[in-house]
Structure formats: structure tokens, C-alpha cells
Amino acid sequence: MPKKSINDIDVANQTVIMRVDFNVPLENGQITDDRRIEMALPSIKSVIDRGGKLILISHLGRPKGQVKAEFSLQPIATRLAELTGTPVAFAADTVGEEAKKQVQELQPGGILVLENLRFHPGEKAGDTDFAASLASMADIYCNNAFGTCHRKDASMVALPQAMGDQPKVVGSLVETEIKFLKEVIETPERPFVAVLGGAKVSDKITVIENLLNICDQILIGGAMAFTFVMARGGKVGQSLVEKDKLDLARSLMDQGQGKLLLPVDAHCGDGFSEDCQKQICSVDEIPENMLGLDIGPETASRFGDVLSTAKTVLWNGPMGVFEMPPFDRGTRAVAEAIASSQATSIIGGGDSAAAITQMGFEDRVTHVSTGGGASLAMLEGQSFAAFEILDDA
Ligand code: ADP
Ligand code: MG
């Protein structure tokens, strides 16, 4: 069921507490990538442009319940002021005297960023007192933090709970993520093809199981393909294999009844390095001294054919060690096939999102998810307490 959006409610003169994901990468106190702040902007602007008073709350890093200067949200508040072109107030605590005073001083159209939620042990503990203190500051709760939606941190679950009958809504970032990672995937236009790759089968077992129920075809690449190949009796040389997952791989192939498509060839090397000896091998006949570092050209071409007929595509996990050319070719070929298709295309997973952006295809796919762990959890078919608790549209 879709949730009520921040855009659907009147916020004028109301105090909105918005949980955002400002967990941006920092180096020596400098923000190296501010996309997460940018992504939150539409809902931030929606509130301040309509005369709401906005309190922004987020975590940053893993300070483990302690105040640690290197994880302060102060630089983020500064960047936000630059991005919005409006002054942004900052409180050096979360529910203490300073925060309370600054909330009192908030004017319509004003923004206040509270200090890192995880400086308070109550955040990770899901503490109800901490949540109640946050709730007491605001009239409206808005969840605009997809990256933490699979968690039960106080600001995600106990806080909206503590809001009682007051409005609890989604921000547009979360709304978009849920639309693609849940609604489109649950009622896809067919054929629905998933491409799964990455390092480990074990990371993605539940995703595969869930997708077997809803996809028409699942293309498997990346290192995880070799566990399947070995499970059916192929020789994979030194390729990365999870030997304790062979039975499981067999049972997934049985369950899949032909839905799982494995590589036919692999781009192999005689070591995990750029300057290794390289060779294209049949995926079942990888020499003893070599390992598969990417899908081969024949596989890329077959995957491309399947993708060209798809109406919905979901991609999670690179096809090879794309960080180490030339083993980026398979990933690039798949990215290109997805970008060229007419399908609704959804990219989930941190490394897959990085690959598609790096390779310049970001604007040619329908949706690139911002949440690594959260998108995986959603693809597993999990329902999120942090989302369920919000008001229905
Ligand atoms: P995502 O973050 O998109 O979910 P994963 O984290 O599961 O993706 O996997 C990405 C990693 O898998 C990359 O670092 C990539 O180098 C690695 N990988 C892909 N194919 C192979 C392979 N054949 N051998 C070793 N590592 C691989
Ligand atoms: Mg990853």
C-alpha cells in the first residue's frame, strides 16, 4: 500500500522532523560525494518552500553511542546551506538543551540540523525515551532515509511510533525507492529478467529465492556463478567458490527449473591481478591454475539477447572484477544492454550502482537505488517496520 507523502500534507507553520540519510563519505573532514544530500533536497525544499519549520536528523558513520568529532554532522549542515542557498542552523546535540533551544527559535522556512543521532546510545538501541524526546520537538514525522529503512533504529521506528496520531509520512526519496524496489518488482511488466552477480552466493541466497518466484529469467554472473558451475560438476580452477553452498546452489537450480541462466564462458586469469595471463575459457573447463574474473564474450552476448527482449530488468551485482580492467568488460556489456533496452530498469546494490555510474549509463536506466543493504533487504522481499508504520496514502 503506498504511503502518504510529505507533498500531500500541509506543513505551513508546522515543525517537521525529517529523518534523512546524510551518511556521506568524508575524508579529512571534507565531503567526497554529496549525492545523498542532493537526493534529499526535493523533500527538504518542499517543506521550507511551503513555510514549514524543518528539523533534519541523520546518522553518520559508526560512533557507537559516543561523541566523536570526526563523525559530526556540522560539515554536512554547511554543505546543505550551500546547496539550498538558505542558512542552516546546527545544534551540537540531539535531544539536549541546545537542540531544544534551537527548535524553539526555528522560523517558517528555516532548517535546523541536529548532531549525529548515533552520538546518543539510544539511537542504535531503539530507545523509546530518546525517541519520545525527538518526537516532542515536532508536529510531523517524515522518513526520507532509504539507506536505513531496513533498520529498527530509534529514529526509524520508535520515533514515528512516539508521534502517536500526528502525521507520519514518506519523503520523495523513500517513495521512489519503494516504488521501484517493491511495487514495480511485485507487479512487473513481463518478461521480467534479473541479472545477479557479485562476489558471494551467500550474500544473495534470499534474493535469488525471492526472485525465482517472480522473475521469468535470472542471469547469473560474477564470482557467484562459479559455485553454481561447480555444483553441476564443472571444473572452475581457482575461481572463488563457496564450497559450503554447493548443495544450496543445486537446490536453487532445481527450484529454478530452467529460469537460472549460467555463463557459458569466462574471462580467466592466472592470478588476481591486472597483469596476469589472460584467457577465455569454457566455464566448465577452467584450467587448474586459472580463475574466472569476468563473464566471457559469448556469455555477454547471450545475456544481451535475453535483456533486449525484457520489459522489466533488475540488476544486482557486477559480472566480474570491474574495478580491474579488462575484467570490467562483462559488466560494461551488461550495463550497455540494459541501457539500450526499452525495459523499466532498476539497479540495486552499492557496487552495481557505482559501476553503472562510473561507466556513464546512469541516465539511461530507470532507477539507481541509493541504498545498498536496504535495497538488498527489499529484494529479499522483507517488509520494513520503518515503512509499515507510516500513514497510508
Ligand atoms: P553489490 O554491491 O552491487 O551488491 P557485491 O558487493 O555483491 O555487489 O559484489 C561486488 C564485488 O564482486 C566486486 O568488488 C567485484 O570485484 C566482485 N566480483 C565480481 N565478480 C568476481 C569474480 N569473478 N571473482 C572475484 N570477485 C568478483
Ligand atoms: Mg557491495
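Student: Which residue follows α14, and what is notable about its phi?

Tutor: This is a predicted model. In it, α14 is followed by G381. The phi of G381 is positive, near 90 degrees.

Student: What makes α14 largely enclosed by the rest of the structure?

Tutor: Buried means under 20% relative accessible area. Six of the eight residues of α14 (residues 372–379) are buried, so the helix is largely enclosed. The buried ones are A374, S375, L376, A377, M378 and L379.

Student: What covers the buried residues of α14?

Tutor: The cover includes two helices, α7 (172–186) and α8 (201–214), and two strands, β17 (312–316) and β18 (344–348).

Student: Why does C149 count as buried?

Tutor: The relative accessibility of C149 is 1%. The cut-off is under 20%, so C149 is buried. C215 also has 1%, so C215 is buried by the same rule.

Student: How many disulfides does a search of the whole structure find?

Tutor: Zero.

Student: Why is C149 not bonded to C142?

Tutor: A disulfide needs two cysteine sulfur atoms within 2.5 Å. The closest cysteine sulfur to that of C149 is in C142, 10 Å away, so the pair is too far apart for a bond.

Student: Why are α11 and α12 called roughly parallel?

Tutor: Helix α11 (residues 297–308) and helix α12 (residues 329–340) pack at about 15 degrees, their axes 9 Å apart. Angles under 35 degrees count as roughly parallel, so these two helices qualify. The contact of α11 with α12 has seven nonpolar, one polar and no charged residues.

Student: Which residues meet there?

Tutor: A300, F303, G304 and L307 of α11 meet A333, V334, A337 and I338 of α12.

Definitions and conventions
Residues are numbered from 1 along each chain as its sequence is written. Chains are lettered from A and ligands numbered from 1 in the order in which they are written. This is a predicted model: local features need pLDDT of at least 70, side-chain atom pairs count only at pLDDT 80 or more; totals for chains, interfaces and linings use all residues. Side-chain values use heavy atoms; hydrogens and water are left out. Buried means under 20% relative accessible area, exposed over 50%, partly exposed in between (1.4 Å probe, protein chains only). Helices (H or I, at least four residues) and strands (E, at least two) are DSSP runs, numbered from the N terminus. Contact means heavy atoms within 4.5 Å. Axes are lines fitted to C-alpha atoms, for helices over the stretch in contact, and angles run from 0 to 180 degrees between N-to-C directions. Angles under 35 degrees count as roughly parallel, over 145 as roughly antiparallel, 65 to 115 as roughly perpendicular and the rest as oblique. Ala, Val, Leu, Ile, Met, Phe, Trp, Tyr, Cys and Pro count as nonpolar, Asp, Glu, Lys and Arg as charged, and the others, Gly among them, as polar.
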